[in-house]
Amino acid sequence: MRFVTITSGKGGVGKSTLAANISYLLSIYGYKTAIFDADVGLANQDIIFNVKPQNTILDVLKGDANFEDIVVQLNNNLYLIPGESGEEIFQYKNSDILEKFFAGVEKFNDFDFLIIDTGAGIGEYVQSFIKAATDTIVVTIPDPSAIMDAYSMIKYTLKVKSEIYLVVNRTKSAKEAHEIFVKLESVAKKHIDSNAHLEFLGYVEKSNLIEEASKRREIVVQSYASSIPAIEIANIVKKLTNSLTKDGEHIKETPNIAIFFKRLLQQI
Ligand SMILES: Nc1ncnc2c1ncn2[C@@H]1O[C@H](COP(=O)(O)OP(=O)(O)O)[C@@H](O)[C@H]1O
Ligand SMILES: [Mg+2]
């Protein structure tokens with residue numbers, strides 16, 4: 001199973017939008033996928049998918065709900081694990097309820113992907129997600145301050161992971177996106193670690209269709225499936241699934257969702 005943390009240096013760069021669209025396409029391609037809404041300040045996947053979860057993962061960790069009851073099924077292969085404050089879940093890591101929580105999570109062990117939509121910036125909690133995950137995607141936009149913040153995020157992520165995927169969102173062209181990647185990669189190799197492995201996962205152009213879909217509580221890969229941004233997101237997903245075997249070691253380390261959560265909450 002793959003655990004993909006989607007993060008960024010700066011807020012508002014399109015993490016949640018990408019997390020939703022990537023998860024949806026994975027599910028359509030036949031991968032059993034869960035999206036974990038883990039933004040500390042702004043959990044908004046429920047708004048993106050236009051559902052109203054009654055409870056969140058925090059209620060499970062407090063002992064007020066069962067894990068299997070909080071998970072919202074969005075389609076045949078797609079499930080939402082609602083969050084509210086990603087940070088707060090770490091306060092419950094020593095409670096007795098954890099064993100019950102893990103038992104509930106185990107019912108979801110046949111998943112192929114867990115996509116984790118985290119908050120922006122460098123923080124202890126985001127680091128916990130990155131550590132527990134098998135893959136990290138850093139999202140940036142062409143704005144110079146966002147690129148600077150993406151660099152800080154990369155520097156920080158390289159302390160715990162040797163490989164990072166980069167996605168450039170809201171770009172005006174493939175060329176611009178690629179240049180940003182090349183620049184970030186060369187600076188990272190020069191100033192952080194010459195063995196740093198940055199991989200260009202893809203780009204999404206700035207598109208009104210993304211905004212329009214979002215206003216209607218829809219996602220672009222569903223509403224405008226043959227549009228340019230939808231195809232660009234599909235290319236990202238193809239690249240992500242193509243690298244399935246490459247990460248074999250990591251898959252062995254965290255074979256299922258229950259182990260992921262154990263790792264996350266107990267930092268094993
Ligand atoms: N490629 C894009 N083109 C145009 N608008 C976009 C694009 N990607 C995201 N957006 C819009 O940008 C806003 C912020 O996106 P969001 O995914 O919430 O960012 P984050 O999760 O990083 O804070 C949303 O209104 C979203 O619809
Ligand atoms: Mg977000």
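This passage walks through a helix contact, a set of aromatic rings and a few single residues in a predicted model.

A good place to start is the pair of helices α6 and α13. Helix α6 covers residues 124-132 and helix α13 covers residues 257-266. Their axes lie 9 Å apart and the helices pack at an angle of about 145°. As for handedness, α6 and α13 cross in a right-handed way. On the α6 side, the residues that take part are S128, F129, K131 and A132, and they meet F260, R263 and L264 of α13. Sorted by class, this contact is made up of 4 nonpolar residues, 1 polar residue and 2 charged residues.

Next come the aromatic rings. A pair of aromatic rings is described by how far apart the centres are and by the angle of the planes. Searching the whole structure turns up 14 aromatic pairs. One of them joins F3 to F260: the ring centres are 4.7 Å apart and the planes differ by 10°, and the pair is stacked. F3 belongs to strand β1 (residues 2-8) while F260 belongs to helix α13, so this pair ties together parts of the chain that are 257 residues apart in sequence. How much of F3 is accessible? F3 has a relative accessibility of 0%, so it counts as buried. F260 is buried too, with 0% for its relative accessible area.

The pair of F67 and F108 is another case. Here the ring centres are 5.4 Å apart and the planes stand at 85°; an angle over 60 degrees counts as edge-to-face, so that is what this pair is called. F67 sits in helix α4 (residues 67-70), and F108 sits in the loop between α5 (97-106) and β5 (113-120), so the pair links parts 41 residues apart in sequence. Buried or exposed? Both F67 and F108 turn out to be buried.

Zooming out, these four rings belong to one aromatic cluster. Its members are F3, F36, F67, Y79, F101, F102, F108, F111, F129, F260 and F261. F129 and F260 have already come up in the contact of α6 with α13. Two lysines lie over rings of cluster members. K32 is placed over the face of F111, 5.1 Å from the ring centre, and K262 is placed over the face of F102, at 5.3 Å from the ring centre.

Away from the rings, L58 is worth a look. L58 is part of helix α3, which runs over residues 57-61. With a relative accessibility of 1%, L58 counts as buried. Which residues does L58 touch, leaving aside neighbours within four places in sequence? L58 is in contact with E84, E88, I89 and Y92. Y31 is another story: it is 27 residues from L58 along the chain, and the C-alpha atoms of the two are separated by 26 Å.

Finally, two arginines have a positive phi even though neither is a glycine. For R170, phi is near 55°, and for R217 it is about 60°. R170 lies in strand β7 (residues 163-171), whereas R217 is found in the loop between α9 (208-215) and α10 (220-223). R170 has a relative accessible area of 33%, so it is partly exposed. R217 is partly exposed as well, at 42% relative accessibility.

Methods: Residues are numbered from 1 along each chain as its sequence is written. Chains are lettered from A and ligands numbered from 1 in the order in which they are written. This is a predicted model: local features need pLDDT of at least 70, side-chain atom pairs count only at pLDDT 80 or more; totals for chains, interfaces and linings use all residues. Side-chain values use heavy atoms; hydrogens and water are left out. Axes are lines fitted to C-alpha atoms, for helices over the stretch in contact, and angles run from 0 to 180 degrees between N-to-C directions. Helices (H or I, at least four residues) and strands (E, at least two) are DSSP runs, numbered from the N terminus. A crossing is left-handed if the near helix is turned anticlockwise from the far one by less than a right angle, and right-handed if clockwise. Contact means heavy atoms within 4.5 Å. Ala, Val, Leu, Ile, Met, Phe, Trp, Tyr, Cys and Pro count as nonpolar, Asp, Glu, Lys and Arg as charged, and the others, Gly among them, as polar. Rings of Phe, Tyr and Trp (its six-membered ring) pair if their centres lie within 6.5 Å; planes under 30 degrees apart count as stacked, over 60 as edge-to-face and the rest as tilted. Buried means under 20% relative accessible area, exposed over 50%, partly exposed in between (1.4 Å probe, protein chains only). A charge sits over a ring if NZ of Lys or CZ of Arg is within 6 Å of the ring centre and within 35 degrees of the ring normal.
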